[in-house]
Amino acid sequence: MRKQVIVPLVICLFPLVVMTACSSLQNGGSDIKADRINYKDDQITEEEIEEPLFKIEHPNWTSHTNSNFIQDMAFDNESRLWAVGDGGAVRWDLKDGTFQKITSEHGLPENHITAIAITPDNSLWFGSDQNGIAYFDQGEWVYINTQDGLSSNAIHDIKIDQENWIWVATNRGISFFDGTKWEIITRADGLISDMVYSILVDSSNRIWVGTNAGISLWDGETWVYITENDGLGGRLIRTMIEGADGSIWVGTQDGGVSHFDGITWKIFTEGDGLASDWIYSLVEDTNGRIWIGTRNGLSTFDGGIMNG
């Protein structure tokens, strides 16, 4: 039997991000990410379904989480929105407003989930703060940690390239899975730093690696380093996206947003209208506007004026 339960769970900035994400998804977009958004008390409807996608794996434990800290978001191929953070994961069906919350009771390795990536066949990759990766496919959980080949169990980001390779950012370099085995890339292999916070796979399948010392760019043959000396606004790279026009947007910690048009870098800071120079997330909507999540709220850039 289905029943409706009223649960307090609406996010203060979430509607803006959802509208942007939904619009982009309807027009072919799929790389939607937001890092930190706070909830406000409100009410939405939760639907308890007869056979939920995620069943209780550990019935003797109960998790009490508030989901107030969102670190990553993604859409699956059924247009459902997934958000992960310090309260586990939540899956929203944006068509009817129902959702399911997933925690360690359902099989996650812990409740602090830092990253999510979804493959074209709808399998889910969850990155955790201290316990590696949980991979969910066809109703089964697979756990991956340093014993399986990861460079670290502290996961910062997960991305999937055009060949369906899995790229994982950790505090000890990058781990990638080619479908057969895990490999590790560190400073000894060419990274500018082993402290990796973000990864971007662009439309040319190049790998952009954001670290605490700038960007390492793999073009398929060599590593190229991009630092403040080259035009970045800051050293620590929190997030990166590729715009519809092929340009690259980089969010830094305390250095604002850096934009690369293929030739030159341009920096946007609080002096240009940003709400804060501490950047957590970047999203482009179907109108070409860049939505920027900061430590002090949301800013937008329409190509001419930065609105904080």
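**A four-stranded sheet and its salt bridges**

Lys159 has Trp167, a residue of strand E14, as its bridge partner. This pairing comes from a predicted model, and it offers a convenient place to begin reading the structure. Strand E13 covers residues 155–160, while strand E14 covers residues 166–170. The two strands run antiparallel and are joined by five bridges.

From this pair of strands, the view can be widened to the sheet to which they belong. Strands of a sheet pair through backbone hydrogen bonds, and the pairing may be either parallel or antiparallel. Here the sheet is open and has four strands, in the order E13-E14-E15-E16, with antiparallel pairing. Its edges are formed by strand E13 (155–160) and strand E16 (182–185), each of which pairs on one side only. From one strand to the next, the twist averages 20 degrees.

Attention may now turn from the backbone to the side chains. Side chains of opposite charge can pair when their charged atoms come close. In this model, the count of salt bridges is six. Which residues does Lys181 and its salt bridge bring together? Lys181 is joined to Glu183, with their closest N and O atoms 3.8 Å apart. Strand E16 spans 182–185. Lys181 is partly exposed, because its relative accessibility of 42% lies between the limits of 20% and 50%. Glu183 is likewise classed as partly exposed, at a relative accessible area of 31%.

A second salt bridge involves Asp76 and Arg80, whose side chains meet at an N to O distance of 2.8 Å. Are these two residues buried or exposed? Asp76 has a relative accessible area of 4% and is therefore buried, since the cut-off for that class is under 20%. Arg80, with 14% relative accessibility, also counts as buried. The pair does not stand alone: Asp76, Glu78 and Arg80 are linked in a network of salt bridges.

A further salt bridge is found between Asp202 and Arg206, where the closest N and O atoms lie 2.7 Å apart. The two partners fall into separate accessibility classes. Asp202 is buried, with a relative accessible area of 3%, whereas Arg206 counts as partly exposed at 30% relative accessibility.

Taken together, these features give the reader two ways into the model. One follows the antiparallel strands of the open sheet, from E13 through E14 and E15 to E16. The other follows charged side chains, including the network of Asp76, Glu78 and Arg80 and the salt bridge between Asp202 and Arg206.

Technical notes: Residues numbered from 1 in each chain as written. Predicted model: local features only at pLDDT ≥ 70, side-chain atom pairs only at ≥ 80, totals over all residues. Heavy atoms only, no water. Pairing = 2+ DSSP bridges. Axes fitted to C-alpha atoms, helices over the stretch in contact; angles between N-to-C directions. Salt bridge = Lys/Arg side-chain N within 4 Å of Asp/Glu carboxyl O. Buried < 20%, exposed > 50% of the residue type's maximum accessible area, 1.4 Å probe, protein only.
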